[in-house]
Structures are given as C-alpha cells and as structure tokens.
Amino acid sequence: MSTKAIYETAGKALLTKYLGNTVAECRCVDVGFNTNWNDLVNNNGWLQNERLVVKPDQLIKRRGKLGLIKVNVDLQGAKEHITNNIGKEITIGRTVGKLKRFIIEPYLPHDENTDEMYICIYSDRAGEVILFHHQGGVDIGNVDEKALKYSVPIDETFNVTVMETTLLKNVPEKKQKHLSTFITKLFEIYMELHFTYLEINPLVVTADNIYILDLASRLDQTADYLCASKWGKIEFPPPFGRDAYAEEAYIAELDAKSGASLKLTVLNPKGRVWTMVAGGGASVIYSDTICDLGFANELANYGEYSGAPSEQQTYEYAKTLLSLIVKEKHPDGKILIIGGGIANFTNVAATFKGIVKALQQYREQLIETKVSIFVRRAGPNYQEGLRIMREVGASLGVIIHVFGPETHMTAIVGMALGKHPIKPPEQPELTTANFLLPTSVNSVSDESQGGSPGLTQSGESKSYVERPLFTAMTKAIVWGMQTKAVQGMLDFDHVCRRSLPSVVAMIYPFTGDHKQKFYWGHDEILIPCYKNMADCMKRHSEADVLINFASLRSAYESTIETLNYPQIRTIAIIAEGIPEQLTRRMIRMANKKNVFLIGPATVGGLKAGCFKIGHTGGMLDNILMSKLYRPGSVAYVSRSGGMSNELNNVISRNSDGVYEGIAIGGDRYPGTTFVDHIFRYQDDPDAKVIVLLGEVGGIEEYHICDAIKSKRITKPLIAWCIGTCASMFTSEVQFGHAGSHASNDRETALAKNKALKEAGAFVPNSFDELGDFIHMVFDDLVQSQCVTPKPDLLPPSVPMDFDWARELGLIRKPASFMSSICDDRGQELLYAGMPITDVIKEDMGIGGVLSLLWFRKRLPKYATKFLEMILMVTADHGPAVSGSHNTIVCARAGKDLVSCLASGLLTIGDRFGGALDNAAKQFSEAYDAGLHPADFVNKMRKQGELIMGIGHRVKSLNNPDMRVVLLKEFAKQQFTTTPLLDYALEVEKITASKKPNLILNVDGVIGVAMVDLLRHCGCFTLEEATEFIENGALNGLFVLGRSIGFIGHFLDQKRLRQGLYRHPWDDIAYILPEAL
C-alpha cells in the first residue's frame, strides 16, 4: 500500500520539526500499557504545570463526537482517565476494539466561536486540494459543502495571492497574514514529506499564534527511500479494531527485503477459513467469494504472495501462516485455500515446493487441527506444481484437493465451504507439447499467412480508429536487461506469425553498447542494447512503444527522459512502489505529450495476434491455451496484472477469445484509466464485447456509468468490481493493490456494481458468474448475427528453451560443473549443507568454515581450533622471505592488491613454504611401512633426498621455534592420539644429534600433526585422509595463512608510500664473459 495513516503524535512531531516558527510547538506525549509515568514526567516538565487534554491516538475518527476526549484536567486527572480506560473495549459503528494508546497535550483556552478553524490538504489525480473553513471544531458538519477550495495542479506553483483571495476571504484581516504564512509553509511541508492527506480540526488561530489541536494524516509509504532521513523512525499502525500481530510484522519485514510482494493481515485469529492466495487481484476475489457465501465472520486472514517469490520466501510465508492456523482448534476443523489465477511469470512449481516444505513441517499439527486444503493454481510450470501438491497430499495424511486452470478460479471456495460438491478435476488441455512438436505451415489457411485475421500487412485494422495502440507491426524498445521478458515477446511474435520481431532494441545504462542474442522461432538473432537512450532512439526511429522495466527508484527518471522523444506513443511502466507525487508528474507530462501511459505497477497488456508487453499472457503454453496468437472479439481492461491472465482464460472458454487486454496497474493513480481504454474499444469496430474488471477504491467506474448513460459507450459491457468483501469487514483492510482502498461509501465495490448495473452494464452477482455472463452476451451477439466468431488457427511451433525444458523435467543433461561444498541458490547460503546463519550462531569460526568447505565435515572443536592456530602461525615470517619480498617489490611497482598477492603466492613451492604436503607424505609412508626412525633417516641419505619438514636456517635445539613448540603442545594435549608426530620427534632426535638446526620445523610439525588429526579425529577413513594429503590440502593451509601476511605487506607498503624498488648495484655480482 502507498498511503498509510500515522499516529497523531508522529504527525505533530513532523510538523513541529519542519514548520518552524509559523506555528506554536506541538507539545505532546504518547502513553501506553508500558509507559513509565515517572520517566514521562521527568522528561516533560510541562505535564505537572499545565492543564491537559487526553485522547486516544489509534486512528479513530470523530473522537470529540464520540466523547473520547478529556479536556482541562491536571496530571492526576489525566492519569486517572487513562488508567480507567486503557484496555477498555469500545464499539464504533461495527468496529469493536480496545483502547491501548493515548496522547496527552496542553489544554489551550480559546474562543471556540472565533479562534477555531478547519484546514485539510489532500491529493488527487490532478494535484493537491486545500480545503479551508473559517469555523472549525467538532460541529463543523459537512466540510465538502462548507469549505472553500483551492486546487494546485501537480507541478504548478503554489500561488500565495490566489490562495489568500480564495481561502481567507472570511478570516479577520488581523489574522490573515500569519495564517497565510502558515498555510504556505504547511503546503510546502506536505509536498516535501510526501503526505497524501493532512487534516487539522480545529486549527486554533489567535491574535498571537497558531495552534494545531487535532491532526489526522497519511504518508506515502513508497516515498520511504526519498524521505527516510526526514521522517525518522516512523510507525504505520493498524486501523482501530485490529491488533498488530508479530506474524504480520515478520511478513512485512520479508516483503521489504524481497523484490516479490508478500502481504498478511490477520482478521480473525479464531476463524475457520484461511487463505494463501497468489496475486493482489486474485486474493481480493477469493475473499469476496468467501464472504459472498456467508463466511465473512469465519474468514481468518487476508494476504497475498506474488511477483515470483523464491522457494525459500514462499516457505517462510507458508510457515508463518500455518503457525497461525494451528494455534487454535475449531470443532468443525479448519480450511486452507491455496489459490490464485494464472501466473504470468511466477514459477508455480518453485513456490509450491516452498509450501510443501512448510506443510511437511506442520504435518502433525495440521492433522490434529483437522485442516482440509483446497488448491487451484496455473501458470508457468503449474503441471509440476500440482503434481507435487497431489503427491504430498497422498503422503501427508492431510486432505488436499488439487485443481488447475480447467477449474474456474474460485470454484474451490464453494467446494471447500461445503456449498458445492467436490468434483474431480477435468482433464486439462495439454498445450505444452505445442512447444515441441512441429506443425505444418502449409496446413494453415492462407488467411493467416503474414499476420492475423482482420489485419493488413501494415498492421492497421481494415476499418479502425485513427490511432490503434498496438498493431502487428508495432516496434518496441525495452528499458532494462529483461532477457526473459524479451524472449517471451519474441516467442509471442512468432506464434502470431509476425514477419519481424516486435523488440528492436534494449536500453541498459549500466553496460556499454553491445548486442544480445535471442531466439526467433528456430533461428537466433541479435538485438542491440544501448547505454544511452538518445543513441537508441536515433537509430530506431520506427519504435513507438517503450516498455520500462526500471526499478521503482529509477522508473521516474527513465520515463521522463523517454517522454522527450516524440516517436514514443506508448510507455508501459512495470515497477511497483513509485511515489505518488512522481507518478502524477509522469501522468501530467504524458497527457501533455499525448502519450499513453500503462502502469505503474502493471504487467502490461496485449493485443491478440499482434503484440504483447513483457510477461503479459504468461508462458507459451498459456498463450496457446487461451488462443492469444489470433484475435478474438472481446476486449477487456483490468487493474490487476495477474487477473488479466485469468481473464484471458475465462474469455477464451466463453467466447471466440481476446481481442485486446490491458492491465492499467494497481496504484491509486494509473497512467491511463478504464475510460481511456474502454473508449478505444468502443471506437474499434473489431472489438465487439467489452469486459471491465474494476476494484474497490476510486471513482473511475462512475465515469463508465456516465458514458453508458450518455451513449458514448454502446457496445455490450460486462463489468464486475472486486472487493465486495470490504463492506463486510468490521475494520479497515488494505488489499494488495495500493488503490484498493475505499475512502467513502461511494468508492466501495458494492456501490460501484450497483451503479454499473443501473447504468445498463451486464453485472453478475459474483466473480463466479463472470464467465457465464460473457458466454451469454457473446452467444446473443452471435445469434443476432452481430458477431461472426473468429476461426481458430494452428499456430507455428516454437522450440522450448533448454532451461525451461529441464525445469519441466522433459530432458536431462550432465552438468558442466559439480559442487558438493556450497549452494547459493536458495534463500540462504549453505556451506556443506549448513545454513550460514547456523555457522554464525554456533560461533564455528574460520576453522569451522574450513572444516565445512575443505573437508565437508563438521570437525571436532579441537580440530577447528588447530586449523586456526596453523593460519595464525603461518600468517607471516617477515619481509625477507621470498614470498613477502616479491609482494613488496610488486607493491612498490604500483600494482594492485591481487597482482601483488599472486606474485608472492607464486614463490611457494618445495623450497619455500610448500613442504607441508611432502613432509606429511614422507613421514606417513615411512611410519606406515614400519621403518625405524633411524632406518628412515639412513634411507633418505642413501637416496640423496632431503627430509621435508626437517631443518631451519636460524632456529636450533637451543633456540627453538616457538611456533613449533605451541603447535606440538596443543597436539599432545588435545588430539586423541599423535603417533606420526611422535615418530617425527624421534627422527628429530637423530637429525639434531648430527647438527642442532636439523630440527622439526613449522612445515614438518603441521604436516605430521595434520595427518594425525585427519586419521584419528573419527571423521575420515584412512583412504580419505590420504586423499586430502595427496590433493594438496595441507599446502593449502600455508597458502591461506601466508596470504594474510602478503596482504599485510602490500597494505604496509602503500601506507608507507614506498617508491619503485631498484636493487642496488653493489649487491649484484656481475659475471660477464670476456669480449667475444
């Protein structure tokens, strides 16, 4: 949701901070169950010295008329009032809730007749409106009739003179100047902080100052990324009558971290009927149907998951919902409806895997709570998703009924609630094979060659309006690296028999100009991708559509830039969550330039047989099933992108198919409205029937009513507004779309449906009947010979992408790479199967990480500690050794860190640092062969080989290497046994007796101790331990440890700003041959 109410204390704090001296300081404190009165009074001394006002701060309207305000009391009176009322249950209309939070502020003596005024600023599609009345207070009455109004169109300057003459003409002259300054500043703050509604009643204006008494305000939550520093930590409370649940907060946190949409509102925790629905529009329709069937009081929650959440995100959502379901039992058992429309791009199987994982986790509780589950879903990979769900139903012991697109979307609701018999699923049409099996081009009628029926080769309708939105020759530019969406558009083009691709170029400012490879049927083509929009527009002047996949943070700038190019006639904005001020600016500029703006927050739209935007229509199997590859006779407009795909399905099953369909987007201010598109359909002779899927919130549908009455719309119009359930809820519920919120009775879905029916539209009794009405109206037109059904055609085959074929399980291929140590595909990184959060929580340290990633085992604590000791003692050995020397020389030559590190690492070998593996091999081979230490020494001497791990340039028996001492002591104390270390120490006695510096060095002690660790820690077989040594794991420890030192030397040289190194001549012996 975009616009959200805030607490009065929060609103007053913002106004006090930014209004400055134009208004008296708003002194106020909030009081709740956990308030410490002593601290409160100590921090706000005025509470003891002034008379006070106490009122609830819980988004309750008309508190004065309800008698909820206590005025002119002292601190003790305020405390007593709060103590007597906090936790008290009250009823306001149909809403029942408890008083939990109060606001205390100073009581202001004033003349109610002359000092109290009213001001309200609110936003609408055109701009901002200021309502002002010179008499405010509890008894103001109908503000719309009494108040003076000053409108400020979006992006136009606030005119102080016009404001004063318009609003302040009834205000005493002595108060006008101060009041004018206040209103001007208030409007500035309203815009700067992205308020969407701000009402002050009463606003007390005295001769000396201005005081804000009662405040109600809403902010545009989507502007958080612009205003976070200005707002500070702001809280968006639930409406009065509904508690805030920890589970709701958790889902909100998931939603904020995800690119998907995850929403959850708990309506009745003791309710019997729970929903988990995919899609903002679908979630509302399921709630409508549940309420229509008489189960409004049993509906436990509202929520939705959409926007292609990952398997892990869906699991977290489902797990949270199931935890709520099983908290309490119901004598009749509980019902979980897992529903949704036909997805455009969400992988149904992936999301269902997350749901199944949660179901398996809660298996026992679900059985105990007697939960029955009804599933209906379709979209990409839905067949696999439904199969997974059926299988888990058979093994889980929980009743699960599973249905696909062959079943009407909400039919499972009646089955679940016992209103209709549970029917076995119909056999779905199998369309996936159309990807794979070639069809004979020659078998298609000549009528379909080179384009869709009813269209000339130029793409223009034979008898159409001046400017169709899309044709069979429409060329588009895609902003963003959305390769899947582009490939989907090209595949659609191919099955529609377009002669040329609809996408001519892409824009992506984060890379240089290049070309992207795509498939065109069986062939491969290159599409140019530009860094700069100007270059793209110049080279592709034939493109007149731009599809903007930019993120919510950059969609505004990229759209405004696009509007500077007259060749672009249509822009589709996919991003959801663009601040409303920015959206309205885009709309205003687009209207000035006569550009059609589809969105924001939309999947786009399509014209059957011609062109589609991005992911609209879903995967090819759905496009084929809904016959979108050729035009039908029914044109529709919807807010919901997900429901547009469901409409494609419903229309194709009840008529000759879709002619055109547009999802205008779920935001409060869509770029184009229902009227804009329905008027196009009315003027297009090829569109015979119009379908409108409206929604609770806004008044757009009333413009349709007026157009029907005035005969501007004469074609059959079938309309249904979703959100009828909102009128049945006892507290305010914000649905998935930002615009799905009724500010008054006129904006409810019930009122709109009634108005549309009275105007002459065909309005069903529920969404369930929408398909029946389409069938009835279309059949009537056919019978009266007003419509000739469009013939069906055999589309050309499109090969299935390799990745998608593998996803569907149709093919298999050996992997190019295999990995058994790490997995980054899910919600959380896994090290050898262990989630990274567990690695951190259990304080495994770097030694524990090494044990997981190198050895794929969770080694004992002493073993991981020993690994860490190795890294510490091998980290560095001074600047003189060859590796450090190379690193330093390279750093002084100005090279980067990686180059300097590589220079040092390349010196590691048998002579420097790389003796660990060979030491381990030599000692373990001798020990395993049963050689006496003396025989081992003699053997190596006879072979003329050095014993790796023996000998030190500086250290000796009398001057031991403390690194060796520490490692030996730890191994002897902590290891279960150290046979090879003991053997090496015996060898040391023999070699040191000949020369005192022939001692066991760091490489040697690490090598033999690691063999003991691997062989005797209980985690590996002898063969596994040997394999690690042969594969170089021990040298890897030295490389890893010494990398720390090499990087240290690099940073040290940079810090010391050492110049280029040149070795001195006097340290080089020049030995040249005599002159030749």
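## A pair in the first sheet

V54 stands opposite K70 in strand 4. This is a good place to start looking around this predicted model. The two residues belong to a pairing in which strand 3 (residues 52-56) and strand 4 run antiparallel, joined over two bridges. What holds such partners together in general? Strands of a sheet pair through backbone hydrogen bonds, in either a parallel or an antiparallel way.

Now step back to the whole sheet. Four strands build it, it is open, and its order is 2-7-3-4 with antiparallel pairing. Strand 2 (29-31) and strand 4 (70-73) are the edge strands, each pairing on one side only. From one strand to the next, the twist averages 25°.

## Helices on the first sheet

Two helices to look for here are helix 1 and helix 4. Helix 1 (residues 8-19) packs on the sheet and touches strand 2, strand 3 and strand 7 (102-106). The direction of helix 1 makes about 40° with that of strand 7.

Helix 4 (residues 75-85) also packs on the sheet, where it touches strand 2, strand 3, strand 4 and strand 7. Its direction makes about 15° with that of strand 3.

## A hairpin and a small sheet

Further along the chain, strand 22 (residues 514-520) and strand 23 (residues 523-530) pair in the antiparallel sense over seven bridges. Within this pairing, K517 stands opposite L526 in strand 23. Two residues lie between the strands of this hairpin, and G521 takes a positive phi near 65° there.

Another open sheet has three strands in the order 33-34-35, again with antiparallel pairing. Strand 33 (822-823) and strand 35 (834-835) are at its edges with a single partner strand each, so one side of each has no neighbour in the sheet. Strand 33 is joined to strand 34 (residues 830-831) by two bridges, and D823 stands opposite L830 in strand 34.

## Two helices side by side

How do helix 29 and helix 34 cross? The axes of helix 29 (residues 861-873) and helix 34 (residues 962-974) come within 11 Å and cross at roughly 175°. That angle is why helix 29 counts as roughly antiparallel to helix 34.

In this contact, Y862, K865, F866, M869 and V873 of helix 29 meet R963, L966, L967, F970 and Q974 of helix 34. Sorted by class, the contact residues are seven nonpolar, one polar and two charged.

## A pocket to explore

The second largest pocket holds about 1100 Å³ of space. It is lined by 35 residues, and the closest to its centre are I950, G951, H952, R953 and N1001. By class, the lining has 15 nonpolar, ten polar and ten charged residues.

Which helix gives the most to this lining? Helix 33 does, with three residues. Helix 33 (933-942), helix 35 (979-994), helix 36 (1002-1016) and helix 38 (1033-1056) each supply at least two lining residues.

## Unusual backbone spots

Most residues other than glycine have a negative phi, and most peptide bonds are trans. With that in mind, here are some places worth finding. A cis peptide bond with omega of about 5° joins N201 and P202, and P202 is placed in strand 11 (residues 195-205). The bond from G599 to P600 is also cis, with omega near 5°; P600 lies in the loop between strand 26 (596-598) and strand 27 (605-607).

R497, a residue other than glycine, has a positive phi near 65°. You can find R497 in the loop between helix 16 (483-495) and strand 21 (503-507).

Technical notes: Residues are numbered from 1 along each chain as its sequence is written. This is a predicted model: local features need pLDDT of at least 70, side-chain atom pairs count only at pLDDT 80 or more; totals for chains, interfaces and linings use all residues. Side-chain values use heavy atoms; hydrogens and water are left out. On a 1 Å grid over the protein atoms alone, a cavity is a set of points where a 1.4 Å probe fits but cannot get out, and a pocket is an open set with protein on both sides within 12 Å along at least five of seven lines; lining residues have an atom within 4 Å of a point. Grid points are joined across faces, edges and corners, and a volume is the space filled by probe spheres set on the points. Ala, Val, Leu, Ile, Met, Phe, Trp, Tyr, Cys and Pro count as nonpolar, Asp, Glu, Lys and Arg as charged, and the others, Gly among them, as polar. Two strands pair if DSSP finds at least two bridges between them. Axes are lines fitted to C-alpha atoms, for helices over the stretch in contact, and angles run from 0 to 180 degrees between N-to-C directions. Contact means heavy atoms within 4.5 Å. Angles under 35 degrees count as roughly parallel, over 145 as roughly antiparallel, 65 to 115 as roughly perpendicular and the rest as oblique.
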